[in-house]
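Please open the structure in your viewer and keep the selection tool at hand, since the tour below goes from one selection to the next.

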Amino acid sequence: MNGAQDLGGMQAFGPVQPEADEPPFHVNWERRVHALTLAMGATGKWNIDMSRAARESLPPAQYLSSSYYEIWFEGLRKLLLATGLATAEEIETGVSMTAAAPIPRVLMADQVSASLLRGNPVDRPAPGEARFAIGDVVQTRQLHPLTHTRLPRYCRGKRGQIVALHGAHVCPDTNATGQGEQPQWLYTVRFGAAELWGENTTASSVCVDCWERYLEIPNAPAA
Amino acid sequence: MSHDDHHVVGPARHHAGAHDHEGSALSEMDLRVRALESLLTEKGYVDPAALDILIETYEHKVGPHNGARVVARAWSDPAYRQWLLDDATSAIASLGYTGRQGEHMVALENTPAVHNMVVCTLCSCYPWPVLGLPPVWYKSAPYRSRAVIDPRGVLKEFGFELPPDVEVRVWDSTAEVRYLVLPMRPPGTDGMSERALAELVTRDSMIGTGLPKTPDDRKQDAI
């Protein structure tokens, strides 16, 4: 979705403002939202791509005027509603008015450490041979799905070179919409900065991780 | 809309350091998050003790000191450095740093000719096991928008300039691969222990938005 999350190349946001000795959390509720998001993610009712899709679906004005953990809160709220785990009134009041819905699992305190150390690897057996090899010149496709994708707008329809293969990884585009993991070869593609931005850049190159479905063999040069 | 304007994703309207909600009356977000946590606990979806362990982990245990150990080891041990560049996931796991948001690691070596800088234009992807949670600026629009088009301009806002002939290579974390920059070992550090070297490694130097400290900087810190 061409939402407000896709920020690469915008220019009107002002300078970066690093904060000296910044703490991990600034206010208490940020701690709780972070932990709630991880704990609810561990229930198995949704996956990380669905979480990202929920945050990205916020209206752009709301996304840009929210803090990052406010976005996480809104994303979690949307997922709870979409999966029927809670009603809007329950979330507003904090009081349960309906029976709890069945969930695959609950992350218990004694499981947290092992769960975090294990993580959620997304590499999977490859569905077939890789279509591209290191050194190949490829072109990203012009994709503008209404659903989740991880191909940023600034590098659609651009030529680059494969610089790494990472094996097959879960495809976020399908995983976010409940169509399953559909693992695909994942590549790192290096784009010359001029290919992306013409003269208006101080970068030399930009490397982007791209699933095979994002890539095609470049069009023949115009005659 | 929000009382937390100073941390909004979009253009910051207040100085990033101005956080003042701790100890003041409960904000609207405090109340909303409390209600949500109470609801999810009542429904049996989350274990409150698990939330506390999650918070403890990301507030106190995981942080850039982990990545600093990785970098210091790579500076000290050529075989480890090579392992890190060939298979960062395994090399980093050998020091005990694995799991969530670090399942698939790649190390990017800075050289006199190439400077690497990492961003996530689409959200806030960041290598948690080695760097902890990302700072606000990393998740905010000014950095996410301009890192890919004007990295040298961004680096100036962090207080340093690279020589014009250095290639600036930006890495956009669009997949589940997480990038750790291996900065160049500072001059004047011959014979220093790994522990002492780790003290020179800053968080920003492992994102590519800063340089490691020098032994002279460290002496200044101590004064």
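What follows is a sequence of stops, each with something to select and a description of what is there.

Bear in mind throughout that this is a predicted model.

**The segment before helix H1 of chain A**

Begin by selecting Glu22(A), which is placed in the segment before helix H1 (28-41) of chain A. Which side chain of opposite charge is nearest to Glu22(A), and how far away is it? It is Arg203(B), at 5.0 Å, and Glu22(A), although buried, has no salt bridge. That separation is beyond the 4 Å within which a salt bridge is counted, and therefore the pair does not qualify. A polar atom of the Glu22(A) side chain does, however, lie 2.7 Å from the backbone nitrogen of Val136(B). If you now display the surroundings of Glu22(A), leaving out neighbours within four places in sequence, you will find it in contact with Pro135(B), Val136(B) and Trp137(B).

Stay in this segment and select Asp21(A), which also lies before H1 of chain A. Its phi is positive, at about 50 degrees, although Asp21(A) is not a glycine. Most residues other than glycine have a negative phi. Asp21(A) is exposed, with a relative accessible area of 79%.

The last selection here is His26(A), again in the segment before H1 of chain A. His26(A) is buried, at a relative accessible area of 4%, and its side chain is joined to that of Glu19(A) by a polar contact of 2.9 Å.

**Aromatic pairs in chain A**

Next, turn to the aromatic rings, for which the count over all chains comes to 15 pairs. Select Tyr69(A) and Trp72(A), whose ring centres are 5.6 Å apart and whose planes stand at 75 degrees, so the pair is edge-to-face. The two residues are three apart in helix H4 (residues 68-82) of chain A, and about one helical turn therefore separates them. Are they buried or exposed? Tyr69(A) is buried, with a relative accessible area of 5%, and Trp72(A) also counts as buried, at 7%.

A further pair to select is Trp211(A) with Tyr214(A), where the ring centres are 5.8 Å apart and the planes at 70 degrees, so that this pair too is edge-to-face. Trp211(A) is buried at 2% relative accessible area, and Tyr214(A) is buried at 0%.

Return to Trp72(A) and add Arg55(A) to the selection: Arg55(A) lies over the face of the Trp72(A) ring, 4.3 Å from the ring centre.

**Rings in chain B**

Moving to chain B, select Tyr126(B), Trp137(B), Tyr138(B), Tyr143(B) and Phe158(B) together, which ring pairs link into a cluster. Trp137(B) will be familiar from the first stop, where it was among the contacts of Glu22(A). Then select Arg73(B) and Tyr80(B), where the charged end of the arginine sits over the tyrosine ring, 5.7 Å from the ring centre.

**Salt bridges**

How many salt bridges does a search of the whole structure find over all chains? The search finds 16. Select Glu181(A) and Arg124(A), whose side chains meet in a salt bridge with an N to O distance of 2.6 Å. Glu181(A) lies in the loop between helix H7 (172-175) and strand S4 (184-192) of chain A, and Arg124(A) in strand S1 (residues 123-124) of chain A, so the pair ties together parts that are 57 residues apart in sequence. Both are partly exposed, Glu181(A) at 32% relative accessibility and Arg124(A) at 27%.

While you are in the loop between H7 and S4 of chain A, select Gln182(A), which is also placed there. Gln182(A) has a positive phi of about 35 degrees without being a glycine, and it counts as partly exposed at 41% relative accessibility.

In chain B, select Glu167(B) and Arg169(B), which form a salt bridge with their closest N and O atoms 3.0 Å apart. Glu167(B) is partly exposed, at 25%, whereas Arg169(B) counts as buried, at 16%.

For the final stop, select Arg178(B) and Glu176(B), a salt bridge whose closest N and O atoms are 3.0 Å apart; both of these residues are buried. Adding Asp49(A) and Arg52(A) to the selection completes a network of salt bridges that links these four residues.

Methods. Residues numbered from 1 in each chain as written. Chains lettered and ligands numbered in written order. Predicted model: local features only at pLDDT ≥ 70, side-chain atom pairs only at ≥ 80, totals over all residues. Heavy atoms only, no water. Helix = DSSP H or I, 4+ residues; strand = E, 2+ residues; numbered from the N terminus. Buried < 20%, exposed > 50% of the residue type's maximum accessible area, 1.4 Å probe, protein only. Lys, Arg positive; Asp, Glu negative; His and termini not counted. Polar contact = N/O pair within 3.5 Å; in protein donor to acceptor, adjacent residues only side chain to side chain. Contact = heavy atoms within 4.5 Å. Phe/Tyr/Trp six-rings, centres within 6.5 Å; stacked < 30°, edge-to-face > 60°. Lys NZ or Arg CZ within 6 Å of the ring centre and 35° of its normal.
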